[in-house]
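Hello,

Here is the structure I promised to pass on to you. Please open it alongside this email and follow along as you read.

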Amino acid sequence: GHSSNVAPTLACFGPGVFRARHDLPVALNRLREGWLQMEDLPSVVARERTLARVDFPFLSPGVSSLVERMVAAEGAVRYPWVGNALEAFHHPLKACLACVRRSVQDSGWAYWSLRHQYPGCWICLEHQLPLHVFGHVWSSPYGGGWRMPKTSRLDAMWAQGVSSNDFEQIARLAGLIDALVRSSNGDGWIEGDALKLSLRVRLGEQGWMTRRGSIRLRDAARDFLGALQPLRAVTELSHQPMDVYGVASRLGKMLESSPQRTHPLRYLVAIHWLFEDANDFVRSICAAKSVESTSLKPPTQDGNPCRL
């Protein structure tokens, strides 16, 4: 229950770690060397308790190497995405005040919930309240340091002036991301050509495809621009293109480039735009996989790639 992260970071990872981040930590093998003598604990923490969990559905070939780097690396672990694709997004620490108060009442201290940290999730789905942001800037746990959530250090300035309709769309995006990230479909189930095919099929169903199979990007971008507008209050999405031409360019790159070279949030926002909910998208990508290639392996042991 330390209020500052310096003490628990030292306790868990030792003094040799010169940098730790709230998204992709390093040297998790120190957990195995400490008081918790569990051989697989570092890998479990890397997979289940870090923001890398958002990446895994898109990253089948790179999952094991990313986990290994978080477990063994002494320096900062880079995201697998292209640098320019990531730099447009900032993922601050977020907390729900209702969750914080309940945690303090039940156990005497509060913690950062992983579900609240997912990129694009700015609503507590349990309480339907805007998440508050920890605004302190730090460069390392031994510099300014960051702290466990306290109500006095959190604010929700981003939600001021957000209309009820916009709040509903932001909450819908959070619900979709939460459902897809926490699904039981296994690593890489949103990866590859099936993702782009499912998007193209849905664009065609909306009438935004020519008879020759080309996307009417400007027509689609006009609609996409309208869908982006309610989401601009979210810090990570506030700098998205503001005009049809910019949105059309972004959409065209998404449909042509490899999903492994694009930040997952870009695709998650497009899924939010084109699909009714997570189950609607799952049905579509299952159909795309069956059309695209019979060699795509089901990501679950029971052979069902479509379970949420």
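Below is what turned up, starting with the aromatic rings and ending with a pair of helices.

Please keep in mind that this is a predicted model.

**Aromatic rings**

Searching the whole structure gave seven aromatic pairs. One of them joins tryptophan 112 and phenylalanine 134, whose ring centres are 5.8 Å apart, with 70° between the planes, an edge-to-face arrangement. To find this pair, look for tryptophan 112 in the loop between helix H7 (97-107) and helix H8 (114-117), and for phenylalanine 134 in strand E4 (residues 132-134). Their pairing therefore ties together parts of the chain that are 22 residues apart in sequence. As for solvent, tryptophan 112 and phenylalanine 134 are both buried.

A second pair worth a look is phenylalanine 275 with phenylalanine 281. With ring centres 5.3 Å apart and planes at 75°, this pair is edge-to-face. Phenylalanine 275 and phenylalanine 281 are buried as well. Both of these phenylalanines also belong to a cluster, in which Trp189 joins Phe275 and Phe281.

There is also a charge placed over a ring: arginine 47 lies over the face of phenylalanine 56, and the distance to the ring centre is 5.3 Å.

**Salt bridges**

Side chains of opposite charge can pair when their charged atoms come close. In this model, the search of the whole structure found eight salt bridges.

Aspartate 178 is a good place to start. Its side chain meets that of arginine 115 in a salt bridge of 2.9 Å, N to O. Because aspartate 178 lies in helix H9 (residues 164-181) and arginine 115 in helix H8, this bridge ties together parts that are 63 residues apart in sequence. Aspartate 178 also meets arginine 182 in a salt bridge, this time at 3.4 Å, N to O. Taken together, Arg115, Asp178 and Arg182 are linked in a network of salt bridges.

How accessible are the members of that network? Aspartate 178 has a relative accessibility of 7%, so it counts as buried. Arginine 115, at 37%, counts as partly exposed, and arginine 182 is partly exposed too, with a relative accessible area of 39%.

Another of the salt bridges is found within helix H11 (residues 217-228), between arginine 222 and aspartate 219. The closest N and O atoms of this pair are 2.9 Å apart. Arginine 222 and aspartate 219 are three residues apart in the helix, so about one helical turn separates them. Both ends are partly exposed: arginine 222 has a relative accessibility of 48%, and aspartate 219 has 34%.

**A helix pair**

Finally, have a look at helix H10 (residues 193-205) and helix H12 (residues 244-256), whose axes come within 9 Å and cross at roughly 130°. H10 and H12 are therefore oblique to each other. On the H10 side, the contact is made by Lys196, Leu199, Arg200 and Leu203. On the H12 side, Met254, Leu255 and Glu256 make the contact.

If you want a short viewing route, start at tryptophan 112 and phenylalanine 134, go on to the network of Arg115, Asp178 and Arg182, and finish at the contact between H10 and H12.

Best wishes

Methods: Residues numbered from 1 in each chain as written. Predicted model: local features only at pLDDT ≥ 70, side-chain atom pairs only at ≥ 80, totals over all residues. Heavy atoms only, no water. Phe/Tyr/Trp six-rings, centres within 6.5 Å; stacked < 30°, edge-to-face > 60°. Helix = DSSP H or I, 4+ residues; strand = E, 2+ residues; numbered from the N terminus. Buried < 20%, exposed > 50% of the residue type's maximum accessible area, 1.4 Å probe, protein only. Lys NZ or Arg CZ within 6 Å of the ring centre and 35° of its normal. Salt bridge = Lys/Arg side-chain N within 4 Å of Asp/Glu carboxyl O. Axes fitted to C-alpha atoms, helices over the stretch in contact; angles between N-to-C directions. Parallel < 35°, antiparallel > 145°, perpendicular 65-115°, else oblique. Contact = heavy atoms within 4.5 Å.
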